[in-house]
Amino acid sequence: MSKRKSIVSAFGDIRSTEGARSPDVKDMPADDKPKTNRVAAGIIGTTQRTLTQIREERDALLAQVANSSRVIELEPSLIDASPFRDRLPDDDDSEFENFKTSIFEEGQKVPITVRRHGETQDRFQVVYGHRRLRALKELERPVLAIIADYSDRDLVIAQGIENANRQDLSWIEKALFAEEMQSAGIKPKDIKAALGIDDAEVSKLRSVLKGIPKPVIEMIGRAPSIGRPRWLELAASIKGRSDLSKIERTLSADKVLKMTSDERFLAALVSLTAAGPTRAPHKQASLDLGEVGSMTVGAKSVKINLEKKHSEGFSKFLETEIGELVERYKRSLLE
């Protein structure tokens, strides 16, 4: 799927709208609320849009921002998140805190895009700008926004397009978001286009969600470094309720709760793949290291016996290289 310039990036070049704030929507006359501030129906309608049309509409929204009458000011308490979640919580909030600090110091430079709530007309839902909304809520500041007409289908596809242009979703977040789109009645071709995946990848996403219940995935988290092979391995390792109970106990342990989501995933996988009490005792194995010596591998130990002429040199070499070997081993666990 080809990538066009993200609306967030494009909006970043515009500064003229920051000072143009309209009255709070709840204080405006009824005749002025939706029809003077919403993008014209000819630009954003509720018809079945193609992906190309949605991209073009975002460009049209960008052009309209230059007209300050299209940007309104809303109280953040009136705005809800999208009903379709596409991200799991981050392990580290430091990046968001830096983002919030920049808004505190420089103000909101990029309007968010919202749609009217389907059931409550005086409330709104975010189309683009969840992080900006969260920051402004925490800072207790009003939100600059554009109102657009988006159906549920348009909303989830727009989120997929925007995520492709921003930070990529982790593999398991793609799986969860694909399920959200499918539950909303989005056609398979639109799901594939929005996430930039093919039929084979859709099948793998579904197989993992079939094998691993959503509550377990949420306990693990977004696991940004864990790709498809590891998630498939975990799903294949779960044979029944007893395995799920074992994973849940592992993930509920205090020391595991303090881990990153990548580490929690590995802990869950190890809980199923580690040697159990019914397995045969681990036999020691000897490896010939040639003229350097030999190595004996046991259940919980590795012993290296060196020839006299190599004992000092190889020991120093191993001391120098052991750090990189450990890092390579840890990286291999994430592949």
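Visitor: Hi! Where is the place of Phe265?
Guide: Phe265 lies in helix α14. Keep in mind throughout our chat that this is a predicted model.

Visitor: Is Phe265 buried or exposed?
Guide: Phe265 is buried, since its relative accessible area is 0%.

Visitor: Which residues is Phe265 in contact with, leaving aside neighbours within four places in sequence?
Guide: Phe265 is in contact with Ile220, Ile226, Arg230, Trp231 and Leu234.

Visitor: And how many residues apart along the chain are Phe265 and Ile220?
Guide: Phe265 and Ile220 are 45 residues apart along the chain, and their C-alpha atoms are separated by 5.6 Å.

Visitor: Let's stay with α14. At what angle do the axes of α12 and α14 cross?
Guide: They cross at roughly 140°, and the axes come within 9 Å. Helix α12 covers residues 241-252 and helix α14 covers residues 261-273.

Visitor: What does that make α12 and α14 to each other?
Guide: The two are oblique, because roughly antiparallel would need an angle over 145 degrees. The crossing of α12 and α14 is right-handed.

Visitor: Which residues make the contact?
Guide: From α12 there are Asp243, Lys246, Ile247, Thr250 and Leu251, and from α14 there are Arg264, Ala267, Ala268, Ser271 and Leu272. Sorted by class, the contact of α12 with α14 has five nonpolar, two polar and three charged residues.

Visitor: Nice. Now α9 and α11: how do their axes cross?
Guide: Helix α9 (residues 199-211) and helix α11 (residues 228-237) have axes that cross at roughly 40° and come within 9 Å. Helices α9 and α11 are therefore oblique to each other.

Visitor: Which hand is the crossing where α9 passes α11, left or right?
Guide: The crossing of α9 and α11 is left-handed.

Visitor: Which residues of α9 and α11 meet there?
Guide: On the α9 side you'll find Glu201, Lys204, Ser207, Val208 and Gly211, and these meet Arg228, Trp231, Leu232 and Ala235 in α11. The contact of α9 with α11 breaks down into four nonpolar, two polar and three charged residues. You'll recognise Trp231 from before, as one of the residues in contact with Phe265.

Visitor: Changing topic: how many salt bridges does a search of the whole structure find?
Guide: The search finds 12 salt bridges.

Visitor: What does Glu138 form a salt bridge with?
Guide: Glu138 pairs with Lys100, and the closest N and O atoms are 2.8 Å apart. This pair links distant parts of the chain: Glu138 is in helix α5 (residues 130-139) and Lys100 is in helix α4 (residues 94-106), 38 residues apart.

Visitor: Is Lys100 buried or exposed?
Guide: Lys100 is buried, with a relative accessible area of 16%. Its partner Glu138 counts as partly exposed, at 39% relative accessibility.

Visitor: What about Asp199, what does it form a salt bridge with?
Guide: Asp199 forms a salt bridge with Lys192, with the closest N and O atoms 2.7 Å apart. Asp199 counts as exposed, at 55% relative accessibility.

Visitor: And where do Glu312 and Lys316 lie?
Guide: Both are in helix α15 (residues 308-334), four residues apart, which is about one turn of the helix. Their side chains meet in a salt bridge at 3.3 Å, N to O. Glu312 and Lys316 are both exposed.

Visitor: Which residues do salt bridges that share partners join into one network?
Guide: That network joins Glu97, Lys100, Arg134 and Glu138. So it takes in the Glu138 and Lys100 pair we looked at earlier.

Definitions and conventions. Residues numbered from 1 in each chain as written. Predicted model: local features only at pLDDT ≥ 70, side-chain atom pairs only at ≥ 80, totals over all residues. Heavy atoms only, no water. Axes fitted to C-alpha atoms, helices over the stretch in contact; angles between N-to-C directions. Parallel < 35°, antiparallel > 145°, perpendicular 65-115°, else oblique. Left-handed = near helix turned anticlockwise from the far one by under 90°. Contact = heavy atoms within 4.5 Å. Nonpolar A, V, L, I, M, F, W, Y, C, P; charged D, E, K, R; others polar. Salt bridge = Lys/Arg side-chain N within 4 Å of Asp/Glu carboxyl O. Buried < 20%, exposed > 50% of the residue type's maximum accessible area, 1.4 Å probe, protein only.
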